Amino acid sequence: MGFVGDREKIDRGSGSWDKGGCFFGGMKSLVRRKQVDSANSKSGSAHQLAKALTVPHLIAIGVGSTIGAGVYILVGTVAREHSGPALTISFLIAGIAAALSAFCYAELASRCPSAGSAYHYSYICVGEGVAWLIGWAVVLEYTIGGSAVARGISPNLAMLFGGPDSLPTFLARHTIPGLNVTVDPCAAILVFVVTGLLCVGIKESTMVQGFVTAVNICAMFFVIVAGGYLGFKTGWPGYELPVGYFPFGADGMLAGASTVFFAYIGFDSVASTAEEVKNPQRDLPMGIGFALSICCTLYMLVSAVIVGLVPYYAMDPDTPISSAFASHGINWAAYIITIGACTSLCSTLMGSILPQPRILMAMARDGLLPSFFSDVNKRTQVPVKGTVATGLLSGTLAFFMDVEQLSGMVSVGTLLAFTMVAISVLILRYVPPDEVPLPSSFQEAIDSVSLRHSGCNSGSDIDVETTKIPAVTSGDSTPLLVEISVGHPLVEKAAAKLNYIVRQRRKVAGWTIMSICIGVFILTSAASIVSLPNPARYTLCGIGGFLLLSGLIVLTCIDQDDGRHSFGHTGGFTCPFVPLLPIACILINVYLLINLGGATWARVSIWLLLGACIYALYGRTHSSLKNAVYVPATHVDEIYQTSANSLAC
């Protein structure tokens with residue numbers, strides 16, 4: 001590959017590049033990609049976050065954001081309607097499915113350790129348009145999720161005070177006459193308290209979240225230990241069923257797994273703090289992995305105990321754990337379980353508000369949002385303005401609106417992010433970006449390096465280097481090394497042929513990844529739309545399955561790109577079983593996305609359409625890449641060094 005990027009125009013007379021050219025006009029701005037943040041690209045930035053987090057902090061964030069009060073209710077509903085006693089296996093299968101996304105997140109988080117999570121990875125690997133929609137969807141996820149969690153805290157707090165109407169007047173819910181609006185002061189106050197805590201500092205807020213999460217885990221341990229004792233004492237009546245361990249069959253168990261999968265959403269909050277981790281290449285994969293493992297273990301143990309204490313058909317769908325203990329005469333256990341539910345909700349609330357200011361900050365850094373959101377407080381080293389704005393919005397929604405009917409929109413943002421992260425891993429491995437955007441302020445250094453390499457390529461006024469290549473093979477199969485100059489026609493011909501092979505392989509890999517995504521969409525859509533006539537349904541499933549399987553075979557047979565070794569920060573976690581693991585992750589997440597329902601997608605479409613309008617009116621024209629110059633990735637360090645030397649002079 002020559003020094004000049006394919007996206008730029010070169011002035012043949014001077015060897016300089018056109019800054020942007022027609023590539024950035026119109027719709028082509030949607031596919032411009034940003035650079036992985038490095039020491040060079042971050043130098044001089046005034047928007048740096050504190051490097052304060054270690055593995056225990058990340059585990060506290062991951063576990064606290066993932067384990068919500070849903071587990072205290074979910075076990076009853078899913079056991080009664082889907083899994084029966086096989087609920088434990090449903091949690092295990094869902095945990096394995098979540099681990100596929102966790103593996104993808106772990107590699108990208110260690111390679112690209114900057115704020116923004118899935119938005120940041122999509123911007124680097126896919127393009128600006130997709131990154132904007134992912135960031136916009138994730139903002140919706142955290143806003144609605146935080147408000148919904150806050151609205152769920154006050155009823156549980158009321159139970160600690162003796163009943164649904166036992167909260168003090170200034171905290172209790174009230175209905176505004178004539179408007180039919182129920183306000184929740186307790187929810188709003190809790191959001192504002194959490195917002196203030198997050199403004200103090202990332203380390204301090206994480207320590208508080210760790211303490212609250214520890215209380216929740218202790219409550220779950222009580223359920224496991226006390227429930228296990230009761231189970232052994234009474235002979236596990238919930239497992240003594242004539243219908244066996246799988247009353248709803250394997251299909252019911254899998255349906256239960258797809259339902260409880262959403263109980264694992266939250267570990268991606270760890271990736272959003274990547275820029276604040278002291279050793280991201282080591283700590284981020286460990287934090288994500290340990291957090292998910294702890295959550296899966298606790299879910300399985302709690303479900304195994306509860307479905308053993310009470311037959312699945314006799315469970316109370318609203319309070320399954322409390323009613324299970326009450327059926328054995330331990331009514332006071334309801335207070336411990338309620339404390340666990342309250343602490344889990346508070347921890348999840350912190351996990352919902354924490355990532356959003358960092359995603360807004362990342363989008364503002366890239367020029368897609370106003371610079372207001374990119375400001376970092378010099379003393380606390382957190383994005384205070386973005387945190388306050390997030391808290392005010394979430395607190396207002398929690399005060400005025402019952403957002404429970406919008407909770408499905410939370411899952412859309414998460415699953416879209418999971419899907420795009422898996423696609424980004426495939427792109428990283430097979431077609432990593434080989435061009436890097438630099439600000440136009442580096443134009444002088446770019447021109448200098450461009451002329452230097454143009455002079456080398458012309459073969460004039462340079463020292464002729466020699467290299468030894470295996471040119472002939474002797475009878476004993478030992479290659480004979482022959483000295484041939486770099487400018488020799490044989491070497492140039494071999495280099496040109498190698499370049500052509502690499503370009504063709506990258507082209508094949510790119511089209512294959514696209515065909516896999518199309519195949520997954522066709523297959524999951526046909527499998528989910530039961531109203532389709534069977535012939536059409538089977539035909540579409542066959543087409544989608546063929547595209548998916550053939551794409552998997554092609555990616556397995558061709559080599560991964562050598563550029564992956566130098567992409568981003570090296571030395572971190574590497575996702576195993578590529579391409580099988582990311583493709584399985586894409587398949588699972590797209591299937592869950594399609595099955596969220598038409599009403600949810602109608603609401604999300606309005607939000608995404610609003611985001612597209614904002615991007616067209618503001619983000620596209622204010623993007624930091626608007627006037628960027630794309631250079632080959634292999635020469636970036638040389639350009640930075642040349643620029644530094646010229647400034648020193």
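Visitor: What share of the 649 residues of the protein counts as buried?

Guide: In this predicted model, 51% of the 649 residues count as buried. A residue is called buried when its relative accessible area is under 20%. The accessible surface of the protein comes to about 28,400 Å², and 65% of that surface belongs to carbon and sulfur atoms.

Visitor: How many helices and strands are there in the protein?

Guide: The protein has 22 helices and six strands. One may then ask how the chain comes together. Among contacts between residues at least 6 apart in sequence, 82% join residues that are at least 24 apart.

Visitor: I should like to study a single residue. Where is the place of Asn589, and is Asn589 buried or exposed?

Guide: Asn589 belongs to helix α20, which covers residues 580-594. Its relative accessibility is 1%, and because the limit for a buried residue is under 20%, Asn589 counts as buried.

Visitor: Which residues does Asn589 touch, leaving aside those up to four places away in sequence?

Guide: With those set aside, Asn589 touches Ser101, Phe261, Leu415, Phe418 and Thr419. There is also a polar partner to note: a polar atom of the Asn589 side chain lies 2.9 Å from the backbone oxygen of Cys585.

Visitor: Let us turn to charged side chains. How many salt bridges does the count come to?

Guide: A salt bridge is counted when a side-chain nitrogen of Lys or Arg is within 4 Å of a carboxyl oxygen of Asp or Glu. By this rule the count comes to twelve salt bridges. One of them joins the side chains of Arg111 and Glu107, with N to O at 3.2 Å.

Visitor: Where do Arg111 and Glu107 lie?

Guide: Both residues lie in helix α4 (residues 87-111), and they are four residues apart, about one turn of the helix. Arg111 has a relative accessible area of 10% and is therefore buried. Glu107, at 0% relative accessibility, counts as buried too.

Visitor: What are the parts of the chain that the salt bridge of Arg365 with Glu275 links?

Guide: In this salt bridge, the closest N and O atoms of Arg365 and Glu275 are 2.6 Å apart. The pair links distant parts of the chain, 90 residues apart: Arg365 is in helix α14 (residues 355-365), while Glu275 is in the loop between α10 (269-272) and α11 (280-309). Arg365 has a relative accessible area of 24%, so it is partly exposed. Glu275 has a relative accessible area of 1%, so it is buried.

Visitor: Which residues are linked with Arg506 in a network of salt bridges?

Guide: The network links Asp434, Arg505, Arg506 and Asp561. Within it, the side chains of Arg506 and Asp561 meet in a salt bridge at 3.2 Å, N to O. Arg506 lies in helix α18 (residues 489-528) and Asp561 in the loop between α19 (534-557) and α20, so this pair ties together parts that are 55 residues apart in sequence. Both Arg506 and Asp561 are buried.

Visitor: I turn now to empty space inside the protein. How many cavities of 30 Å³ or more does a search of the whole structure find?

Guide: The search finds one cavity of 30 Å³ or more. About 50 Å³ of space lies in the largest cavity. Its lining includes Tyr105, Tyr119, Tyr142, Asp268 and Ile359. Helices α5 (118-125) and α6 (128-160) each supply at least two residues of that lining.

Visitor: Finally, how should one read the backbone angles?

Guide: The general idea is that most residues other than glycine have a negative phi, and most peptide bonds are trans. The peptide bond from Val578 to Pro579 is cis, with omega near 15 degrees. Pro579 is found in the loop between α19 and α20.

Visitor: What is the phi of Trp236, and what is the phi of Gln381?

Guide: Trp236 is not a glycine, yet it has a positive phi of about 50 degrees. Trp236 lies in the loop between α8 (202-234) and α9 (249-260). Gln381, also a residue other than glycine, has a positive phi near 55 degrees. The position of Gln381 is in the loop between α14 and α15 (384-400). At 32% relative accessibility, Gln381 counts as partly exposed.

Notes: Residues numbered from 1 in each chain as written. Predicted model: local features only at pLDDT ≥ 70, side-chain atom pairs only at ≥ 80, totals over all residues. Heavy atoms only, no water. Buried < 20%, exposed > 50% of the residue type's maximum accessible area, 1.4 Å probe, protein only. Contact = heavy atoms within 4.5 Å. Areas by Shrake-Rupley, 256 points an atom, 1.4 Å probe, with all protein chains shown as cover. Polar contact = N/O pair within 3.5 Å; in protein donor to acceptor, adjacent residues only side chain to side chain. 1 Å grid on protein atoms, 1.4 Å probe; cavity = no way out; pocket = protein on both sides within 12 Å on 5 of 7 lines; lining within 4 Å. Points joined across faces, edges and corners; volume = space filled by probe spheres on them.
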